[in-house]
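Please examine the fold shown below, following its sheets, its helices and the surroundings of its ligand in turn.

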Amino acid sequence: MLKIEHLTKTYGEKKAVDDLSLQIRRGEIYGFIGHNGAGKTTTLKAVTGILQFDEGEILIDGKSVRTSPLECKREIAYIPDNPDLYDYMTGIKYLNFIADIFAVSAADRQDRIRKYADLFELTADLAQPIAAYSHGMKQKLAIIAAWLHQPKLIIMDEPFVGLDPKASHLLKGMMREVCDEGGAIFFSTHVLEVAEKLCDKVAIIKGGKLIRSGTMEEVKGDDSLEEVFLELEDESC
Ligand SMILES: Nc1ncnc2c1ncn2[C@@H]1O[C@H](COP(=O)(O)OP(=O)(O)OP(=O)(O)O)[C@@H](O)[C@H]1O
């Protein structure tokens with residue numbers, strides 16, 4: 001579903017991502033963990049096509065994000081770490097705007113908006129301008145928007161930040177559902193307990209380099225993910 005090959009991205013002199021390769025298959029929830037400034041957001045943005053990169057290749061379902069950006073964007077959804085949506089739009093206008101971009105039919109969008117807005121208890125607020133939303137409400141709206149066109153690959157940067165426990169639980173279920181239906185999820189998180197419970201596979205990045213990746217069992221063995229992560233952080237200091 002997603003193949004990242006030898007990705008390198010520099011900002012001026014700073015190598016933010018250094019020769020990173022990983023592969024995500026259909027059906028996998030793939031967690032991406034690393035310290036602040038490790039290169040997670042840079043990698044995720046490169047995958048979505050928002051950020052140009054210097055070297056390497058990124059393939060989504062076999063298509064290059066460099067040479068087939070539109071085809072790739074049709075297959076994915078991206079939820080950034082900060083849900084800066086269009087404040088002047090109402091929630092419902094924003095969802096319809098996103099549905100228009102992805103050419104979701106009137107019937108499908110109505111069903112999906114109704115379903116997810118009800119689940120996230122956001123229905124009553126959809127008529128409000130986004131400027132009046134709390135951080136968590138914006139995050140819920142961004143999640144509903146991401147699910148509207150039934151993307152094959154969902155990329156999320158710290159998706160659980162700001163969500164209440166019920167919404168977090170709901171999102172985890174929605175992530176698993178996408179994978180059960182043949183999609184894939186790639187998301188970053190600092191909450192290692194969530195990653196450990198939820199992810200099929202995990203990659204650990206440090207200073208732009210991938211230092212460990214594999215199935216959760218391969219990466220953590222009999223230890224907790226937190227223990228392994230902290231050990232790896234210390235080791236390569
Ligand atoms: N626009 C930019 N210009 C210059 N340097 C940048 C820019 N964006 C990120 N960086 C640098 O690239 C490195 C990787 O940043 P990135 O945002 O990818 O890290 P991250 O793992 O997502 O961190 P966090 O967990 O804090 O969100 C950092 O050293 C950061 O300072």
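In this predicted model, four strands in the order 2-1-4-5 make up an open sheet with antiparallel pairing. Strand 2 and strand 5 occupy the edges with a single partner strand each, so one side of each has no neighbour in the sheet. Helix 1 packs on this sheet and touches strand 1, strand 2 and strand 4. The direction of helix 1 makes about 120 degrees with that of strand 1.

The pairings within the sheet can be followed residue by residue. Strand 1 (residues 2-11) and strand 4 (residues 55-60) run antiparallel and are joined by five bridges. In this pairing, isoleucine 4 of the sheet faces a partner in strand 4, namely isoleucine 58. Strand 4 is also joined to strand 5 (residues 63-64), again in the antiparallel sense, by two bridges. Here leucine 59 stands opposite serine 64 in strand 5, and isoleucine 60 stands opposite lysine 63. Strand 4 and strand 5 together form a hairpin, with two residues between them. Aspartate 61, which lies in the turn, has a positive phi of about 50 degrees.

A further sheet is built from six strands. This sheet is open, its strands follow the order 6-7-8-3-9-10, and the pairing is mixed. Its edge strands, strand 6 (76-79) and strand 10 (209-215), each pair on one side only. Direction ignored, neighbouring strands of this sheet are turned against each other by 15 degrees on average. Towards one edge, strand 9 (residues 201-206) pairs with strand 10 over six bridges in the antiparallel sense. Within strand 10, threonine 215 is the residue opposite lysine 201.

Helix 1 also belongs to the surroundings of the six-stranded sheet. The helix lies across strand 3 (29-34), strand 6, strand 7 (153-157), strand 8 (184-188) and strand 9. With respect to strand 7, helix 1 runs at about 150 degrees. Helix 1 therefore has contacts with strands of both sheets, among them strand 1 of the four-stranded sheet and strand 7 of the six-stranded one.

The next topic is the packing of two helices. Two packed helices are described by the angle between their axes and by the distance between those axes. Helix 3 (residues 91-101) and helix 5 (residues 135-147) pack at an angle of about 25 degrees, and their axes are 9 Å apart. Because an angle under 35 degrees counts as roughly parallel, helix 3 and helix 5 are described as roughly parallel to each other. The crossing of helix 3 past helix 5 is right-handed. On the helix 3 side, the contact involves Gly91, Tyr94, Leu95 and Ile98, which meet Leu141, Ile144 and Ala145 in helix 5. By class, the residues of this contact comprise six nonpolar, one polar and no charged.

The ligand remains to be placed. Which residues surround the ligand? They are Tyr11, Lys14, Ala16, Gly34, Asn36, Gly37, Ala38, Gly39, Lys40, Thr41 and Thr42. Strand 2 (14-24) and helix 1 (40-48) are the elements that give two or more residues to this shell. The largest share, three residues, is supplied by helix 1. Classified by type, the shell has three nonpolar, six polar and two charged residues. Helix 1 thus appears both in the shell around the ligand and in packing on the four-stranded sheet.

Methods: Residues are numbered from 1 along each chain as its sequence is written. This is a predicted model: local features need pLDDT of at least 70, side-chain atom pairs count only at pLDDT 80 or more; totals for chains, interfaces and linings use all residues. A residue is near a molecule or strand if its C-beta atom, placed from the backbone, lies within 6 Å of it. Ala, Val, Leu, Ile, Met, Phe, Trp, Tyr, Cys and Pro count as nonpolar, Asp, Glu, Lys and Arg as charged, and the others, Gly among them, as polar. Axes are lines fitted to C-alpha atoms, for helices over the stretch in contact, and angles run from 0 to 180 degrees between N-to-C directions. Angles under 35 degrees count as roughly parallel, over 145 as roughly antiparallel, 65 to 115 as roughly perpendicular and the rest as oblique. A crossing is left-handed if the near helix is turned anticlockwise from the far one by less than a right angle, and right-handed if clockwise. Two residues are in contact if their C-beta atoms, placed from the backbone, lie within 7 Å. Two strands pair if DSSP finds at least two bridges between them.
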